[in-house]
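Please examine the structure shown below. The explanation that follows treats one helix and its surroundings, then turns to the ligand.

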Amino acid sequence: MKALTLKATHRPLELEERPSLEALPGEAVVQLKASALNRRDYFITQGLYPGIKPPVVLGSDGAGIVSQVGEGVDPQWIGKEVIVNPGLNWGDAQASQGSEFNILGLPRDGTFATEVLVPATQLHVKPSHLNWYEAAALPLAGVTAYRATFSQGGLRGGETVLITGVGGGVATFALQFAVAAGASVWVTSSSNDKISRAISMGAQGGFNYKEDDWSKQCASQDRSPNLIIDSAAGAGYAALINIAGPGGRIVNYGATTGPPAKLDLFKVFWKQLRLQGSTMGSPQDFADMLAFVDKHRIKPIIDAVFPLREGNRAIDQMADSPQFGKYVLEAD
Ligand SMILES: NC(=O)c1ccc[n+]([C@@H]2O[C@H](COP(=O)([O-])OP(=O)(O)OC[C@H]3O[C@@H](n4cnc5c(N)ncnc54)[C@H](OP(=O)(O)O)[C@@H]3O)[C@@H](O)[C@H]2O)c1
């Protein structure tokens, strides 16, 4: 098998030839057709992630065909087209993950490879309307967007939602999910082209967060957001507190630009806001996300596909976030 392995941070991943994987009890080997990148992979290569222990094969998202199962696993999985839930050992609670929770692709070897070994509990039948690239792009960003939008964000049809940084992998899913749920969706982006793309996908409009007065433009709309879904945080978080409607919810699943410089608690309590954290999703969220994607025939947005051997080029491109949607690696 081939694998793109992290040997050290701040260095390109190394393409290695490794022995084929053997299924362990309770586990399955998937011959991967494609994998996809998340900002997590970029952060790990930059040393900006906890618990980095090279060597490790990065990659949390993957889709392929089950080739082997270990003892105790239903042999009917063999030959099935699957996607992999990258959230391992979530635990029993829906409200939050347990202490054993971890993510495929650190510490456990991940999907930037031609084969991956995963617990059979992580296998799900590939949605039939998705091709291999689309299926590979779905798992991590899809479940994160689903939980942030519905399980934690409580979005209902007819509500107004603001999704920040819409070019991001998770954010494009949140846009698709919120539109499908019948919400009135607004977005922010650093790029007017990305805002136009979001509008073509059903958003009402958007604001360029590089413009100083973007939050004033947003606040001048007829309806203020019931829900804001954000992963940027940082200096821009204060604007989100200002923009949120009375009784509104702000869900954060990331803090790409760091923690907020200050938090105006007076506005938080006077406006009766709820500030909510969200991380990936439970097995129930994953199953619900797949059912939602299937019902609404949602297709992940792929920005570009690279051969596995050019994975470093894809990771390097993530530095400046030019993408709209997901970068995919084709296992070759
Ligand atoms: N908690 C979890 O389970 C979880 C899961 C997935 C991701 N995350 C975190 O969520 C963040 C996004 O992940 P991703 O994989 O979707 O990343 P991504 O595909 O690399 O997208 C990042 C996006 O962030 C947006 N952005 C950058 N600076 C911004 C700012 N100042 N204001 C608003 N938006 C800004 C950009 O949007 P534009 O291009 O539109 O400007 C960019 O495209 C990362 O911090 C990641 O670690 C957390």
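**A helix and a ligand site**

In this predicted model, the buried residues of α5 pack against three elements: α4 (169–180), β12 (184–189) and β13 (205–208). Helix α5 itself spans residues 192–200, and its buried members are Lys194, Ile195, Arg197 and Ala198. These residues lie on the same side of α5, because the arc they cover around the axis is only 160°. An α-helix has 3.6 residues a turn, so residues three or four places apart point the same way. The other side of α5 carries Asp193 and Ser200, both of which are exposed. After α5 comes Gly202, with a positive phi near 120°.

Two of the elements named above also take part in the surroundings of the ligand: α4 and β12 each supply at least two residues of the shell, as do α1 (39–45) and α3 (139–151). The contribution of α4, three residues, is the greatest.

Which residues come nearest to the ligand? Of the 31 residues around the ligand, they are Gly165, Gly167, Gly168, Ser189 and Gly254. Divided by class, the shell comprises 19 polar, nine nonpolar and three charged residues.

Where does the ligand lie with respect to domain 1 and domain 2? Domain 1 consists of residues 2–138 + 300–330, and domain 2 of residues 143–277. Both domains give residues to the shell around the ligand, and the ligand therefore lies between them.

Key: Residues are numbered from 1 along each chain as its sequence is written. This is a predicted model: local features need pLDDT of at least 70, side-chain atom pairs count only at pLDDT 80 or more; totals for chains, interfaces and linings use all residues. A residue is buried if 20 or more other C-beta atoms lie within 10 Å of its own, exposed if 12 or fewer, and partly exposed in between; C-beta atoms are placed from the backbone. Helices (H or I, at least four residues) and strands (E, at least two) are DSSP runs, numbered from the N terminus. The arc is that of the directions from the helix axis to the C-beta atoms. Two residues are in contact if their C-beta atoms, placed from the backbone, lie within 7 Å. A residue is near a molecule or strand if its C-beta atom, placed from the backbone, lies within 6 Å of it. Ala, Val, Leu, Ile, Met, Phe, Trp, Tyr, Cys and Pro count as nonpolar, Asp, Glu, Lys and Arg as charged, and the others, Gly among them, as polar. Domain bounds come from an automatic or database domain assignment.
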